[in-house]
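Here are my notes after going through the aromatic rings and one helix packing. Have the viewer open while you read.

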Amino acid sequence: MENISDNVRSQMRKGVLEYCILSILEKKEAYASSILEELKSANMLVVEGTLYPLLIREKNQGLLSYRWEESPQGPPRKFYCITEKGLSQLREMDMAWKEIVETINTLKSH
């Protein structure tokens with residue numbers, strides 16, 4: 001059974017995962033398993049079953065696009081990249097994140 005702390009962490013991670021994906025793709029295009037690795041290296045543990053639906057949703061919203069690239073080992077890979085609309089969304093998320101952090105810091109300091 002999941003404890004309360006794990007549940008809180010899980011819910012908070014879900015809330016920022018789309019923001020994290022756009023932030024990763026702002027730096028460079030990437031395929032799904034490299035996005036998972038980057039999230040994992042930042043201690044944001046996500047499984048493929050969570051990532052793929054988010055990538056599809058962000059693509060359908062016009063925030064991401066993708067291209068296929070042949071792979072020397074195995075099948076072609078789908079490389080995702082952020083679109084202009086995605087960059088605009090990321091800027092809005094950056095501002096919202098800053099406001100949230102400032103609000104929490106203010107509340108915690110009172």
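1. A term to start with: a charge sits over a ring if NZ of Lys or CZ of Arg is within 6 Å of the ring centre and within 35 degrees of the ring normal. Keep in mind that this is a predicted model. Arg 67 fits the term, with its charged end over the ring of Phe 79 at 5.0 Å from the centre. Lys 78 does likewise with Tyr 66, lying over the face at 4.2 Å from the ring centre.

2. Stay with Phe 79 for a moment. This residue belongs to strand 3 (residues 77-82). Is Phe 79 buried or exposed? Its relative accessible area is 12%, under the 20% cut-off, so Phe 79 counts as buried. Leaving aside residues up to four places away in sequence, Phe 79 touches Glu 29, Ala 30, Tyr 31, Ser 65, Tyr 66, Arg 67 and Glu 69. For Lys 27, the C-alpha to C-alpha distance to Phe 79 is 13 Å, with the two positions 52 residues apart in sequence.

3. Now the ring pairs. The count of aromatic pairs comes to four. One of them is Tyr 19 with Trp 97: the centres are 6.0 Å apart and the planes make 50 degrees, so this pair is tilted. The two partners come from distant parts of the chain, 78 residues apart, with Tyr 19 in helix 1 (residues 4-27) and Trp 97 in helix 4 (residues 84-109). Tyr 19 is buried at 16% relative accessible area, whereas Trp 97 is partly exposed at 40%.

4. Another pair is Tyr 66 with Trp 68, which is edge-to-face, with 85 degrees between the planes and 6.3 Å from centre to centre. Tyr 66 is partly exposed, at 34% relative accessible area. Trp 68 has 55%, which is over the 50% cut-off, so Trp 68 is exposed. Together with Tyr 80, these two residues make up one aromatic cluster.

5. Last, a helix packing worth a look. How do helix 2 and helix 3 cross, and at what angle? The axes of helix 2 (residues 32-41) and helix 3 (residues 48-60) come within 11 Å and cross at roughly 120 degrees. The crossing is right-handed. Helix 2 brings Ala 32, Ile 35 and Leu 36 to the contact, and helix 3 brings Glu 48, Leu 51, Tyr 52 and Leu 55. By type, the residues of this contact are six nonpolar, one charged and no polar.

Definitions and conventions: Residues numbered from 1 in each chain as written. Predicted model: local features only at pLDDT ≥ 70, side-chain atom pairs only at ≥ 80, totals over all residues. Heavy atoms only, no water. Phe/Tyr/Trp six-rings, centres within 6.5 Å; stacked < 30°, edge-to-face > 60°. Helix = DSSP H or I, 4+ residues; strand = E, 2+ residues; numbered from the N terminus. Buried < 20%, exposed > 50% of the residue type's maximum accessible area, 1.4 Å probe, protein only. Contact = heavy atoms within 4.5 Å. Axes fitted to C-alpha atoms, helices over the stretch in contact; angles between N-to-C directions. Left-handed = near helix turned anticlockwise from the far one by under 90°. Nonpolar A, V, L, I, M, F, W, Y, C, P; charged D, E, K, R; others polar.
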